[in-house]
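Biologist: I am new to reading protein models, and I would love a close look at one part of this one. Could you pick a helix and walk me through what surrounds it, then show me how the rest of the chain is held together?

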Amino acid sequence: MTDRPELDPALFRAEAISAETRAINEAIVKMMTGMAEWWDVGAQTVRDARARGEGAFPLAPKSPRARTVEIEGKGGHKVPLRIVAPDNPRGVYLHIHGGGWVLGAADQQDPMLERIANNAGLACVSVEYRLAPENPYPAGPDDCEAAALWLVKNARKEFGTEALTIGGESAGGHLSAVTLLRMRDRHGFTGFRGANLVFGAFDLSMTPSQKAFGSERLILRTIDIEQFGDAFLAGVADRRAPDISPLYADLKGMPPALFSIGTRDALLDDTLFMYTRWIAANNEAELAVYPGGAHGFTAFPCEIARAANARADAFLARVTG
């Protein structure tokens, strides 16, 4: 027997969704309906539009204290790292951004990095990993692995601490899990103190919730998942290989993790399944489920985003304390 609380069915009922969350979801669908598809207009066109603040996600202002360093990646490739750090950090947060392995950038979530730096006292290091379809698997995971290795070797010198954490959103949650597994299996390193895995994609062969979500344009649809996966995994036959779908990996020796997910997210099953497997591998884990939360909900000004972000900050502070 265990005193671990069971997942509450009430979280998934329609009446659990607040009026505020419903309104935000409706506004997202209205805004995105008819929007050009990245696979039609080209990934770079959509990246450029996002950089201008066009699209569903709010434009994130740049941090005045952010700086960028370049490290050596696999095969001599240079990997930029965007750093937002407080004075005398208590630890380091290796952040990996989302965007379906195709979109997004390390400098598009400075307010989040600032928040974590201020509230958790961590030096935030966000990886500018290579994107598909120009650079498909394994380019992105290789860059994240290189960043993790650099931190293991240089965190003490750069930030005065060796207390390392890792995390990210969506594709960034996936790449965080892959990086943890690579660090364990390829380098014998299991020293990360915590993983903040936010609506991650952990099964690239597609979970039931991915397949069943359908066509409602609430950030992430079934077709988006299919297109992102095809771009990232061009030519890859086995989508359940552990380096591609960490849900199927041996998860022994993973750090404490916080899994966060909204109930209106196509990746709902990914988080529920991965949380269960994390626990079954004798790791510590917390599950935070937010009624009505769409994919990417933490980026929108609403109560469930504030709650999720505060819980993530507290988790990161606790595991580095």
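Modeller: Happy to help; we will begin with helix 8 and then move on to the core and the charged pairs. Please keep in mind that this is a predicted model.

Helix 8 covers residues 222-232. Which of its residues are buried? They are Thr-222, Asp-224, Ile-225, Phe-228, Gly-229, Ala-231 and Phe-232. These buried residues pack against helix 2 (38-41), helix 5 (139-159), helix 6 (171-187) and helix 7 (208-212).

Now look at Phe-232, in helix 8. The whole structure holds 11 aromatic pairs. In one of them, Phe-232 is stacked with Trp-101, with 4.8 Å from centre to centre and 5° between the planes. Trp-101 sits in the loop between strand 3 (91-96) and helix 4 (110-120), so this pair brings together parts of the chain that are 131 residues apart. Are the two partners buried or exposed? Trp-101 has 8% relative accessibility and Phe-232 has 3%, so both count as buried, the cut-off being under 20%.

Just before helix 8, in the loop between helix 7 and helix 8, you will find Arg-221. Its side chain meets that of Glu-37 in a salt bridge, at 2.8 Å from N to O. Glu-37 belongs to the loop between helix 1 (19-32) and helix 2, and the two partners are 184 residues apart. Glu-37 is buried at 16% relative accessibility, and Arg-221 is buried at 7%.

From here we can step out to the wider structure, which holds 24 salt bridges. One of them joins Glu-145 and Arg-186, at 3.1 Å from N to O. Glu-145 lies in helix 5 and Arg-186 in helix 6, so this bridge ties together parts that are 41 residues apart in sequence. Glu-145 is buried, at 8% relative accessibility, while Arg-186 is partly exposed, at 45%. Both also belong to a network of salt bridges, together with Lys-74, Asp-142, Arg-182 and Asp-243.

Helix 4 has charged residues to look at too, including Asp-110. Asp-110 is buried, with a relative accessible area of 0%. Its side chain makes a polar contact of 2.6 Å with the side chain of Arg-82. Leaving out residues up to four places away in sequence, Asp-110 touches Pro-61, Lys-62, Ser-63, Ala-66 and Arg-82. Elsewhere in helix 4, Glu-114 forms a salt bridge with Arg-65, whose closest N and O atoms are 2.6 Å apart. Arg-65 lies in the loop between helix 3 (43-51) and strand 1 (67-72), so this pair ties together parts that are 49 residues apart in sequence. Arg-65 is partly exposed at 31% relative accessibility, whereas Glu-114 is buried at 17%.

Last comes the nonpolar side of the picture. The largest nonpolar core has 101 residues, and those with the most contacts inside it are Leu-94, Val-127, Leu-151, Phe-259 and Trp-278. Helix 10 (residues 303-319) gives the largest share of this core, with 8 residues. Beyond its neighbours within four places in sequence, Val-127 is in contact with several residues, among them Val-79, Leu-94, Ile-96 and Ala-147. Phe-259 and Trp-278 also form one aromatic cluster with Phe-202 and Tyr-275.

Definitions and conventions
Residues numbered from 1 in each chain as written. Predicted model: local features only at pLDDT ≥ 70, side-chain atom pairs only at ≥ 80, totals over all residues. Heavy atoms only, no water. Phe/Tyr/Trp six-rings, centres within 6.5 Å; stacked < 30°, edge-to-face > 60°. Helix = DSSP H or I, 4+ residues; strand = E, 2+ residues; numbered from the N terminus. Buried < 20%, exposed > 50% of the residue type's maximum accessible area, 1.4 Å probe, protein only. Contact = heavy atoms within 4.5 Å. Core = buried A, V, L, I, M, F, W, Y, C linked by side-chain atoms within 4.5 Å. Polar contact = N/O pair within 3.5 Å; in protein donor to acceptor, adjacent residues only side chain to side chain. Salt bridge = Lys/Arg side-chain N within 4 Å of Asp/Glu carboxyl O.
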